[in-house]
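Let's get to know this structure by working through a handful of short exercises. Try each task with the viewer open, then read the solution step by step.

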Amino acid sequence: MLEGQELASFCDMRKRSYVAPPRRCITPPVKKAPSTLSVSIIAPTAPSSSVWSTWPGSPGGLNLLQDLSLDTNPSSSTLQAWSVNQLDIQDSNDALADTIKDSGPIPWLKEFSLTFFKYHAMLKVSPVFDGLLSKQFISTTCPDPFFGENGPAPEGCVAAFCTSNSAGAAMKHYHIPAIYLSPAPPCKKNQECFILDGPHRGLIRPLSSCSIKNSNININITPMVTVSLRFDQICLVEPIRSQ
């Protein structure tokens, strides 16, 4: 048994020869938040007068508020690029009316082509196109008002003819731009007219009366129904003559 100095030396030698195990990493425990930092819902408080006093009272600040109100609540009078208003509709209707007017008799000549298979439409010629032709009526060709002795009429033109005023009364054929043509009015009772407007549009009936002074006529739709129309609502027609 070791005693005294020898025991002390043995213990010292054993201590130096001992290898300590590696240190272990221990995750520290989660710290609880202090009760003073707990989440709570706090009702908003009204800003004090001192806070509002820092808001700039310059006109620039007022303009900014007005601009924001306009952005969030646009006025109903503000025109939007993607919206359609009454003015747009009126412009569209005016443009359509101008287009129909500029195209002259072409729309109804095409729409009622079967009617004008056996009837000549009588038309007036604008003096802008021809001063001499403007002094008489011209007739559309049959059976096709767009194909005459000179062949097919160019786009936007009507094939028509009339008797020459020169010696010999020769028949002359034309291709006339429709923009220079308008419906010819009647001049006496019993002439036949094509109705251009109203509920009886497309019908051809003889006149029961004609007033050149008032530019209107009365026409019998049936033996019991008579209507009054203006000259711009009718066109004088003539039946095709049998060969």
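**Exercise 1.** Work out how accessible Arg-230 is, and find its salt-bridge partner.

*Solution.* This is a predicted model, so keep that in mind for every value below. Start with the accessible area: Arg-230 has a relative value of 44%. Buried means under 20% and exposed means over 50%, so Arg-230 counts as partly exposed. Next, look at the side chain: Arg-230 meets Asp-232 in a salt bridge, 3.0 Å from N to O. Then check the partner: Asp-232 comes out at 55%, so Asp-232 counts as exposed.

**Exercise 2.** How many salt bridges are there, and which parts of the chain does the one between Glu-111 and Arg-201 link?

*Solution.* The count comes to 2 salt bridges. For Glu-111 and Arg-201, the closest N and O atoms are 2.8 Å apart. Now place the two ends: Glu-111 sits in helix α5, while Arg-201 is in the loop between β8 and β9. They are 90 residues apart, and the pair links distant parts of the chain. As for accessibility, Glu-111 is partly exposed at 48%, and Arg-201 is partly exposed at 35%.

**Exercise 3.** Find the aromatic rings that pair with Trp-108, and say whether each pair is stacked or tilted.

*Solution.* The structure holds 5 aromatic pairs. Take Phe-116 to begin with: its ring and that of Trp-108 are 5.7 Å apart, centre to centre, with 50° between the planes. That makes the pair tilted. Both Trp-108 and Phe-116 are buried.

Move on to Phe-194. Trp-108 and Phe-194 are also paired, at 5.7 Å centre to centre, but with 25° between the planes. Planes under 30 degrees apart count as stacked, so this pair is stacked. Trp-108 belongs to helix α5 and Phe-194 to strand β8, 86 residues apart. Both Trp-108 and Phe-194 are buried.

Finally, put the rings together: ring pairs link Trp-108, Phe-112, Phe-116 and Phe-194 into a cluster.

**Exercise 4.** Which ring does Lys-110 lie over?

*Solution.* Look for a ring with Lys-110 over its face: that ring belongs to Phe-146, and Lys-110 is 5.7 Å from the ring centre.

**Exercise 5.** Explain why Cys-193 has no disulfide partner.

*Solution.* Begin with the total: the structure holds 0 disulfides. For Cys-193, the closest cysteine sulfur is in Cys-210, 7.5 Å away. A disulfide needs the sulfur atoms within 2.5 Å, so this gap is too far for a bond. Cys-193 itself is buried, with 0% relative accessibility.

**Exercise 6.** Describe the largest pocket: how much space lies in it, and which residues are closest to its centre?

*Solution.* Start with the volume: the largest pocket has about 550 Å³ of space. Its lining is made of 20 residues, and the closest to the centre are His-120, Ser-139, Phe-161, Met-171 and Arg-241. Next come the elements: β1, β3, β5, β6 and β12 each give two or more residues to the lining. The largest share, 3 residues, comes from β5.

Now zoom in on Phe-161, which lies in strand β5. At 17% relative accessibility, Phe-161 counts as buried. Its C-alpha is 9.8 Å from that of Ile-176, and the two are 15 residues apart in sequence.

Another C-alpha distance involves His-120: Glu-238 is 118 residues away in sequence but 5.2 Å away in space. Glu-238 lies in strand β12 and is partly exposed at 35%.

**Exercise 7.** Where is the cis peptide bond that leads to Pro-143, and what is phi of Asn-190 and of Ser-215?

*Solution.* The cis bond runs from Cys-142 to Pro-143, with omega near 10°. Pro-143 has its place in the loop between β2 and β3.

Turn to the phi angles. Asn-190 has phi near 75°, a positive value in a residue other than glycine. Asn-190 lies in the loop between β7 and β8, and counts as exposed at 55%. For Ser-215, phi is near 55°, again positive in a residue other than glycine. Ser-215 is found in the loop between β9 and β10, and is partly exposed at 33%.

How values were computed:
Residues are numbered from 1 along each chain as its sequence is written. This is a predicted model: local features need pLDDT of at least 70, side-chain atom pairs count only at pLDDT 80 or more; totals for chains, interfaces and linings use all residues. Side-chain values use heavy atoms; hydrogens and water are left out. Rings of Phe, Tyr and Trp (its six-membered ring) pair if their centres lie within 6.5 Å; planes under 30 degrees apart count as stacked, over 60 as edge-to-face and the rest as tilted. Buried means under 20% relative accessible area, exposed over 50%, partly exposed in between (1.4 Å probe, protein chains only). Helices (H or I, at least four residues) and strands (E, at least two) are DSSP runs, numbered from the N terminus. A charge sits over a ring if NZ of Lys or CZ of Arg is within 6 Å of the ring centre and within 35 degrees of the ring normal. A salt bridge is a side-chain nitrogen of Lys or Arg within 4 Å of a carboxyl oxygen of Asp or Glu. On a 1 Å grid over the protein atoms alone, a cavity is a set of points where a 1.4 Å probe fits but cannot get out, and a pocket is an open set with protein on both sides within 12 Å along at least five of seven lines; lining residues have an atom within 4 Å of a point. Grid points are joined across faces, edges and corners, and a volume is the space filled by probe spheres set on the points.
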